[in-house]
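Please open the model in your viewer and keep the sequence panel beside it, as this tour moves from one selection to the next and says at each stop what is to be found there.

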Amino acid sequence: MRDRFLVRLFGVTLAAGLLSVLWRGLPGFPGGFGGEDAAPRLVEARGDLAADEKSTIALFEKARDSVVFITTRAQVMDFWTRNVFSVPRGTGSGFIWDADGHVVTNFHVVEGASEATVKLADGRTFGAALVGASAEHDIAVLRIGVGFKRPPPVPLGSSDDLRVGQKVFAIGNPFGLDWTLTTGIVSALDRTLAGEGGPAIDHLIQTDAAINPGNSGGPLLDSAGRLIGINTAIYSPSGASAGIGFAVPVDTVNRVVPQLIGTGKYVQPGLGIQLDPGLNQRLAELTGIAGVFVLGVPPGSAAEAAGLDGASFTRDGGIVPGDVITAVDGKAVESVEQLLARLDDYRVGDVVRLSVTRGGETREVELALQPGA
């Protein structure tokens with residue numbers, strides 16, 4: 001029995017040895033599980049970066065210090081104790097506007113907040129004061145007290161010469177992941193986006209650069225590193241980037257922000273006429289005239305000085321249309337909303353040329369814009 005055991009042991013040992021030799025000799029398994037070839041592999045030389053990679057890196061490194069991370073808090077009251085607590089509300093992005101410490105962001109980033117904190121790229125944090133806001137444009141201006149080592153303002157570009165297909169770069173803090181860069185192109189221009197419970201925002205830039213929650217308020221840059229818009233919203237059923245994002249154009253920003261800094265509010269230019277969107281639509285349907293019906297001209301208004309006439313009312317409650325505005329500087333207007341959007345491209349005091357129809361005849365009228373209601 002002992003001999004049998006020894007024979008079996010010898011057989012198992014011999015089989016194990018043969019398997020080990022075969023394993024080491026199998027193609028694709030050099031050295032088997034041994035450590036002879038476990039040294040790190042040599043790194044291949046990469047070569048120089050591509051030209052577009054170099055330009056993108058340089059753009060980000062130059063613009064990064066001008067972008068800020070905004071966190072907000074809101075005050076809530078405990079129903080039972082009536083004590084007031086400050087709780088986190090949300091995060092967003094923004095950018096340095098000037099050397100006086102003004103920071104531009106979206107209105108919806110700070111809406112409803114009782115306090116806001118601005119974090120710079122170098123790690124410093126500052127409490128921010130609200131200077132002014134325009135819900136109609138989703139723009140807000142904050143101010144921080146930066147005494148030294150002030151970050152540079154974002155270089156300003158223009159949006160009236162943008163072309164569909166040109167490259168754009170978005171920097172922000174999506175999902176709280178600070179100072180994130182995404183790239184894409186201008187995918188469409190002059191979009192209108194309905195506000196959440198507020199007015200629609202006009203003239204938006206559409207881009208496929210990834211814009212997610214937390215990117216709001218951050219800068220959209222062109223390939224020269226100039227500001228061309230403020231990232232404001234995404235179109236997505238899931239709430240994450242679906243390849244369609246929107247930015248407020250910089251020409252609008254450069255018109256609204258100085259007013260917010262100077263007066264704390266934005267005053268839209270107006271014609272000095274009385275309007276009613278619902279009645280305007282009804283009159284357009286009854287008369288077959290596409291335009292904006294002037295319902296009234298207040299005394300002393302810009303419209304009175306330009307000679308515009310309002311509608312008149314008969315004794316039985318009927319309306320006799322007066323002047324109908326059909327275009328502003330050659331651009332057609334067919335509704336009150338469209339007229340207001342056209343006027344928003346100007347400043348108070350600018351002179352516009354109106355195409356006005358009455359009694360089947362059309363005339364041109366020049367009018368200096370006054371502060372709107």
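Begin by selecting Trp179, which in this predicted model has a relative accessible area of 8% and therefore counts as buried, the cut-off being under 20%. Trp179 sits in the loop between β7 and β8, and its backbone deserves a look before its side chain, since phi is near 55°, a positive value in a residue other than glycine. For context, most residues other than glycine have a negative phi.

Now add Phe69 to the selection and show both side chains. Phe69 and Trp179 form an aromatic pair with an edge-to-face arrangement, in which the ring centres are 6.4 Å apart and the planes stand at 80° to each other. The pair brings together distant parts of the chain, because Phe69 belongs to strand β1 (residues 67-77) while Trp179 lies in the loop that leads to β8 (180-193), with their positions 110 residues apart in sequence. Phe69 is also buried, because its relative accessibility of 12% falls under the 20% limit. The count of aromatic pairs in the model comes to 1.

For a second residue with an unusual sign of phi, select Asp329, where the angle is about 50° and thus positive, although Asp329 is not a glycine. You will find Asp329 in the loop between β17 (324-328) and β18 (331-332). Is this residue buried, partly exposed or exposed? At 27% relative accessibility, Asp329 counts as partly exposed.

Move next to Ser159, in the loop that runs between β6 (139-143) and β7 (167-172). Ser159 is buried, with a relative accessibility of 12%. Which residues does Ser159 touch, once its neighbours within four places in sequence are left aside? The contacts are with Ile205, Ile228, Pro249, Val250 and Asp251. With Asp251 there is a polar approach to display as well: a polar atom of the Ser159 side chain lies 3.1 Å from the backbone nitrogen of Asp251.

The remaining stops concern empty space, which can be found by rolling a probe the size of a water molecule over the atoms. Select Ile96, Asp98, Ala99, Asp100, Gly101, Ile144, Val146, Arg150 and Pro151, which together line the largest cavity. This cavity has a volume of about 50 Å³, and the count of cavities of 30 Å³ or more comes to 1. What is the character of the lining of the largest cavity? Its residues divide into 5 nonpolar, 1 polar and 3 charged.

Finish at the second largest pocket, whose volume is about 580 Å³. To centre the view, select Ala200, Asp202, Gln268, Leu340 and Ala341, which lie nearest the centre of the pocket among the 23 residues that line it. You can then colour β8, β9 (201-207), α4 (250-263) and α7 (336-343), the elements that each give two or more residues to this lining. Among the contributors, α7 provides the largest share, with 5 residues. If you colour the lining of the second largest pocket by residue type, you should find 8 nonpolar, 7 polar and 8 charged residues.

Methods. Residues are numbered from 1 along each chain as its sequence is written. This is a predicted model: local features need pLDDT of at least 70, side-chain atom pairs count only at pLDDT 80 or more; totals for chains, interfaces and linings use all residues. Side-chain values use heavy atoms; hydrogens and water are left out. Helices (H or I, at least four residues) and strands (E, at least two) are DSSP runs, numbered from the N terminus. Buried means under 20% relative accessible area, exposed over 50%, partly exposed in between (1.4 Å probe, protein chains only). A polar contact is a pair of N or O atoms within 3.5 Å; within protein, one must be able to donate a hydrogen and the other to accept it, and residues adjacent in sequence count only if both atoms are side-chain atoms. Contact means heavy atoms within 4.5 Å. Rings of Phe, Tyr and Trp (its six-membered ring) pair if their centres lie within 6.5 Å; planes under 30 degrees apart count as stacked, over 60 as edge-to-face and the rest as tilted. On a 1 Å grid over the protein atoms alone, a cavity is a set of points where a 1.4 Å probe fits but cannot get out, and a pocket is an open set with protein on both sides within 12 Å along at least five of seven lines; lining residues have an atom within 4 Å of a point. Grid points are joined across faces, edges and corners, and a volume is the space filled by probe spheres set on the points. Ala, Val, Leu, Ile, Met, Phe, Trp, Tyr, Cys and Pro count as nonpolar, Asp, Glu, Lys and Arg as charged, and the others, Gly among them, as polar.
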